[in-house]
Amino acid sequence: MTPNKKKAMEQLATKDGIISALAIDQRGALKKMLSALGETPTDEQLIEFKALVSSELTPYASAILLDPEYGLPAAKVRDQSAGLLLAYEKTGYDVSTPGRLPDLLGDWSSLRLKEEQADAVKFLLYYDVDEDPKINHLKHVFIERLGSECAGEDRPFYLELLSYDAKINDSALREYAKVKPHKVIEMMREFSNPRYQVDVLKVEVPVNMNFVEGFGDKEIVYSQKEAADFFKAQSEATHLPFIFLSAGVCSELFQQTLVFAHESGSTFNGVLCGRATWKDGVKAYVDAGKEGAVKWLRTQGRQNIENLNQVINQTATPWYQKTGE
């Protein structure tokens, strides 16, 4: 790791080397959340809500992940002790083309993200290890190219991996829960290859906790022993620092998941947590505007992130233990 990358990594983590980052780079998903509450969102509302989350919650986070489309004003009002990650991918994917192929924001580059004071570049990739090899080859080449671009700008490259099965439409189904460990673990193994020049993996937990014995209310797919083994195997599949995303589950279940991961032997290095922290603030914003959102963020939102921090500090390991820095 170069000196500049090391400095950036330190800015994105706590003094103890734990990445306790807040994510609000959602664009399409945030629009859907606002629309579901009867509000047709304007660009100004997206910008304002992101800025409110940033200004109110970054004092309790080591970093914040934002998008350059709606999030730059939020970056400017964040607590200056918090590091900044900027997303580089277009939101969503083209459903008319097989493979959920990746694409970059057309008017941005790693250089331009760096000029906006980004400490790291984040890119989201949908990946099915069992899909047509021709499709996955395109994704491999794409990430090689992106890794080289980030290395050229001497900025850490955070790769967010979201698994799926091209033959299963809904990842919340029991059918997908059965194959999820294989999908998650093998994609982590693939993108840990040095040719991609990834610095940090942002990943799902390897099981759907709703199907784990003693956790969810669904028909059991994994015993606790089986789930624990998958967490251990996931951790052993990579030499890179890796952090968990919340995938929109409730704050309480996400915290329970982190404790379970730690007890299972996972050496994860923190979280990049979005909706589990702030999603209920969207309703407060729709119902009572800026004042309602601020009130919620200063109470329940702050409590969510402080509770999460307490769990992370007891369960995560420092990122530099992976890199030997």
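The angle quoted for a helix pair in this tour lies between lines fitted to C-alpha atoms over the stretch in contact, taken in the N-to-C directions on a scale from 0 to 180 degrees. The model on display is a predicted one.

**First stop: H9 and H11**

Select residues 251–263, helix H9, together with residues 280–315, helix H11. Their axes lie 9 Å apart and meet at an angle of about 5 degrees. Angles under 35 degrees count as roughly parallel, and H9 and H11 are therefore roughly parallel to each other. To display the contact, show the side chains of Ser251, Phe254, Gln255, Leu258, Val259 and His262 on H9. On H11, the partners to show are Asn304, Asn307, Leu308, Val311, Ile312, Gln314 and Thr315. Colouring this contact by class gives six nonpolar and seven polar residues, with no charged residue.

**Second stop: strand S4**

Move next to residues 120–127, which form strand S4. Is this strand mostly covered or mostly exposed? S4 is mostly covered, since eight of its eight residues are buried. In a regular strand, side chains alternate between the two faces of the sheet. For S4, one side carries Ala120, Lys122, Leu124 and Tyr126, and the other carries Val121, Phe123, Leu125 and Tyr127; both faces are covered.

**Third stop: the neighbours of S4**

Add residues 83–87, strand S3, which pairs with S4 in the parallel sense over three bridges. Within this pairing, centre the view on Ala87, which stands opposite Lys122 of S4. Then add residues 157–163, strand S5, which runs parallel to S4 and is joined to that strand by seven bridges. Here Tyr127 of S4 stands opposite Ser163 of S5. To follow the chain between these two strands, select helix H6, residues 133–152: the path leaves S4, passes through H6 and arrives at S5 as a right-handed β-α-β crossover.

**Last stop: two backbone angles**

Most residues other than glycine have a negative phi. Which residues in the loops on either side of H5 are worth selecting in this respect? One is Arg100, in the loop between S3 and helix H5 (110–115); its phi is positive, near 45 degrees. The other is Gln117, in the loop between H5 and S4, where phi is again positive, at about 75 degrees, although the residue is not a glycine. Switching to a surface view at Gln117 shows an exposed residue, with a relative accessible area of 54%.

Conventions. Residues are numbered from 1 along each chain as its sequence is written. This is a predicted model: local features need pLDDT of at least 70, side-chain atom pairs count only at pLDDT 80 or more; totals for chains, interfaces and linings use all residues. Side-chain values use heavy atoms; hydrogens and water are left out. Helices (H or I, at least four residues) and strands (E, at least two) are DSSP runs, numbered from the N terminus. Angles under 35 degrees count as roughly parallel, over 145 as roughly antiparallel, 65 to 115 as roughly perpendicular and the rest as oblique. Contact means heavy atoms within 4.5 Å. Ala, Val, Leu, Ile, Met, Phe, Trp, Tyr, Cys and Pro count as nonpolar, Asp, Glu, Lys and Arg as charged, and the others, Gly among them, as polar. Buried means under 20% relative accessible area, exposed over 50%, partly exposed in between (1.4 Å probe, protein chains only). Two strands pair if DSSP finds at least two bridges between them. A crossover is right-handed if, with the strands pointing away from the viewer, the path from the first strand over the helix to the second runs clockwise.
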